[in-house]
Amino acid sequence: KKKNKQIKNLVDYVFGVETGLDTNARKNRSGHLMERQVANIFDNAGICYRQEVYSTEYPELAVLGEDKKRFDFVIETNCNIYLIEVNFYSGGGSKLNEVARSYSDTAPKINSVEGYEFVWITDGIGWRSAKNKLQEAYSIIPSIYNLTDIAEFIKLVKQSNLI
């Protein structure tokens, strides 16, 4: 049986499109806000960083394979290059689990290269429903921070600049 794909009700169709667009527009709004918040924290701490840096800038990161990865922040110190991903989850869901799995794959590859460290700064109420995923990721990714303990990371960065 063939389905007729003609639009029967233009109002419902337009409402559906608008709803879809709005949902999509909202999806990364909290992510951008989180990036801005982290940038402000780095600025206030006097930390030099670059944003939206591609892995291809670092030939040593060939361990990532063919994937061209873009990091939200990169901080280069005297003894380490910190490759940082930042996100915020206002709700639970599959995205959270998928990101945790993806970073759990990426972090060990990056951390295996001397002088490089993967850092994940994440926060949000969404993690309440996915504590086990976060705990699992923490056992694989040593450098996970939130907005409460980001001061620990800043202290680490400042110390590695002194070496």
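**Fold and packing of the predicted model**

The protein comprises 5 helices and 5 strands, where helices (H or I, at least four residues) and strands (E, at least two) are DSSP runs numbered from the N terminus. The model is a predicted one, in which local features need pLDDT of at least 70 and side-chain atom pairs count only at pLDDT 80 or more, whereas totals for chains, interfaces and linings use all residues. Residues are numbered from 1 along each chain as its sequence is written, and side-chain values use heavy atoms, with hydrogens and water left out.

Along the sequence, the elements follow the pattern α-α-β-β-β-α-β-α-β-α. Of the 163 residues in the protein, 37% are buried; buried denotes under 20% relative accessible area, exposed over 50%, and partly exposed in between (1.4 Å probe, protein chains only). Among contacts with a separation of 6 or more, 62% are accounted for by residues 24 or more positions apart, a contact being defined by heavy atoms within 4.5 Å.

The strands form an open sheet of 5 strands in the order β1-β2-β3-β4-β5, with mixed pairing. Two strands are taken to pair if DSSP finds at least two bridges between them. The edge strands are β1 (50-54) and β5 (144-145), each of which pairs on one side only. Strands of a sheet pair through backbone hydrogen bonds, either parallel or antiparallel. Both senses are found for β3 (residues 81-88): this strand runs antiparallel to β2 (residues 70-76), to which it is joined by 4 bridges, and pairs in the parallel sense with β4 (residues 116-123) over 8 bridges. The connection from β2 to β3 is a hairpin through 4 residues. Across the β2-β3 pair, Ile75 stands opposite Tyr82 and Phe73 opposite Ile84. On the side of β4, Leu83 of β3 faces Phe118, while Glu85 stands opposite Trp120.

Strand β3 is largely enclosed by the rest of the structure, because 7 of its 8 residues are buried. Strand β4 is likewise mostly covered, with 7 of its 8 residues buried.

Helices pack on this sheet, whose strand order is β1-β2-β3-β4-β5. Helix α3 touches β2, β3 and β4, and its direction makes about 160° with that of β4. Helix α5 (residues 150-162) touches β2, β3, β4 and β5, and its direction makes about 165° with that of β3. Axes are lines fitted to C-alpha atoms, for helices over the stretch in contact, and angles run from 0 to 180 degrees between N-to-C directions.

Two packed helices are described by the angle between their axes and the distance between the axes. For α3 (residues 94-111) and α4 (residues 131-140), the angle is about 5° and the axes lie 9 Å apart. The two helices, α3 and α4, are therefore roughly parallel to each other; angles under 35 degrees count as roughly parallel, over 145 as roughly antiparallel, 65 to 115 as roughly perpendicular and the rest as oblique. In this contact, Asn97, Ala100, Ser104 and Pro108 of α3 meet Lys133, Ala137 and Ile140 of α4. By class, the contact has 4 nonpolar, 2 polar and 1 charged residues, with Ala, Val, Leu, Ile, Met, Phe, Trp, Tyr, Cys and Pro counted as nonpolar, Asp, Glu, Lys and Arg as charged, and the others, Gly among them, as polar.

The structure holds 0 disulfides, a disulfide being a pair of cysteine sulfur atoms within 2.5 Å. Cys48 is exposed, with a relative accessible area of 67%, whereas Cys79 is partly exposed, at 34%.
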